Amino acid sequence: MHPLATALAPLLDRIGATAVAVEDREPGDVLLYWDGSPAVAVRLPGEELTSALDRMIGQVETELGAHLPDLPRPDKQRAVRLLEERGAFTLRKSVEAVAKALGVSRFTVYNYLNREQADS
């Protein structure tokens with residue numbers, strides 16, 4: 001892979017995009033140039049991954065170092081706390097979306113939220 005793709009990897013991971021070899025690019029991919037020549041294509045995430053909540057979830061996964069369903073219970077609770085601090089639960093249908101992302105029920109997310117309020 002081109003050095004530009006390596007340099008961009010942390011940014012692409014953060015926004016849910018991927019680097020693609022120039023010869024494998026598809027319509028809609030963003031072609032990046034290095035010294036005037038095509039170096040790498042960037043495939044942006046689909047619309048379903050670009051919502052504010054999805055971005056917040058992605059950031060929390062990055063901070064916690066794993067996908068939400070793979071986290072142990074205390075880290076799932078921490079994830080819910082981080083999402084609440086960022087305003088995730090002010091968004092429509094966010095509890096359902098977070099529950100799905102965590103691999104738990106809505107009831108569990110509400111319990112995590114209530115636990116945080118009780119500890120405050």
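A nonpolar core is here a set of buried Ala, Val, Leu, Ile, Met, Phe, Trp, Tyr and Cys residues joined through side-chain atoms within 4.5 Å, where buried means under 20% relative accessible area, exposed means over 50%, and partly exposed lies in between, with a 1.4 Å probe and protein chains only. The model is predicted, and local features need pLDDT of at least 70, side-chain atom pairs count only at pLDDT 80 or more, and totals for chains, interfaces and linings use all residues. Residues are numbered from 1 along each chain as its sequence is written, and side-chain values use heavy atoms, with hydrogens and water left out.

**Exercise 1. The nonpolar cores**

Task: find which residues have the most contacts inside the largest nonpolar core, and which helices supply it.

Solution. Step one is to take the largest nonpolar core, which has 21 residues, and to pick out those with the most contacts inside it, namely L68, L83, F89, V98 and V109. Step two is to assign helices, which are DSSP runs of H or I with at least four residues, while strands are runs of E with at least two, numbered from the N terminus. Helices α2 (52–64), α3, α4 (94–102) and α5 (106–119) each supply at least two residues of this core. Step three is to look at one member in detail: with neighbours within four places in sequence left aside, V98 is in contact (heavy atoms within 4.5 Å) with L53, I57, V80, L83, F89 and V109. Besides this, there is a second, separate core of eight residues, among them L4, A5, L8 and V40. In soluble globular proteins, nonpolar side chains tend to be buried together.

**Exercise 2. Helix α3 and what follows**

Task: compare the span of helix α3 with the expected one, and list the residues of α3 that are buried.

Solution. Helix α3 covers residues 73–85, which is 13 residues. The expected span is 1.5 Å times one less than the number of residues; from its first C-alpha to its last α3 reaches 18 Å, close to the 18 Å expected. The buried residues in α3 are K76, Q77, A79, V80, L82 and L83. An α-helix has 3.6 residues a turn, so residues three or four places apart point the same way. After α3 comes G87, with a positive phi near 85 degrees.

**Exercise 3. Salt bridges**

Task: determine how many salt bridges there are, and which residues are joined into one network.

Solution. A salt bridge is a side-chain nitrogen of Lys or Arg within 4 Å of a carboxyl oxygen of Asp or Glu, and by this rule the count comes to four. One of the pairs is E26 with R43, whose closest N and O atoms are 3.8 Å apart; E26 sits in the loop between β1 (18–20) and β2 (30–34) and R43 in strand β3, 17 residues apart, so that distant parts of the chain are linked. The relative accessible area of E26 is 45%, and E26 is therefore partly exposed, as is R43 at 26%. R43 also forms a salt bridge with D29, the closest N and O atoms being 2.8 Å apart. Because R43 lies in β3 and D29 in the loop between β1 and β2, this pair ties together parts 14 residues apart in sequence, and D29, with a relative accessible area of 15%, is buried. A further pair is R86 with E63, at 2.5 Å between the closest N and O atoms; R86 lies in the loop between α3 and α4 and E63 in helix α2, so parts 23 residues apart in sequence are tied together. R86 is partly exposed at 30%, and E63 likewise counts as partly exposed at 42%. Through shared partners, salt bridges join E26, D29 and R43 into one network.

**Exercise 4. Positive phi outside glycine**

Task: place D35 and K93 in the chain and decide whether each is buried or exposed.

Solution. Most residues other than glycine have a negative phi, and most peptide bonds are trans. D35 has a positive phi near 50 degrees and is placed in the loop between β2 and β3; its relative accessible area is 75%, so D35 is exposed. K93, which is not a glycine, has a positive phi of about 60 degrees and is found in the loop between α3 and α4; K93 is exposed because its relative accessible area is 54%.
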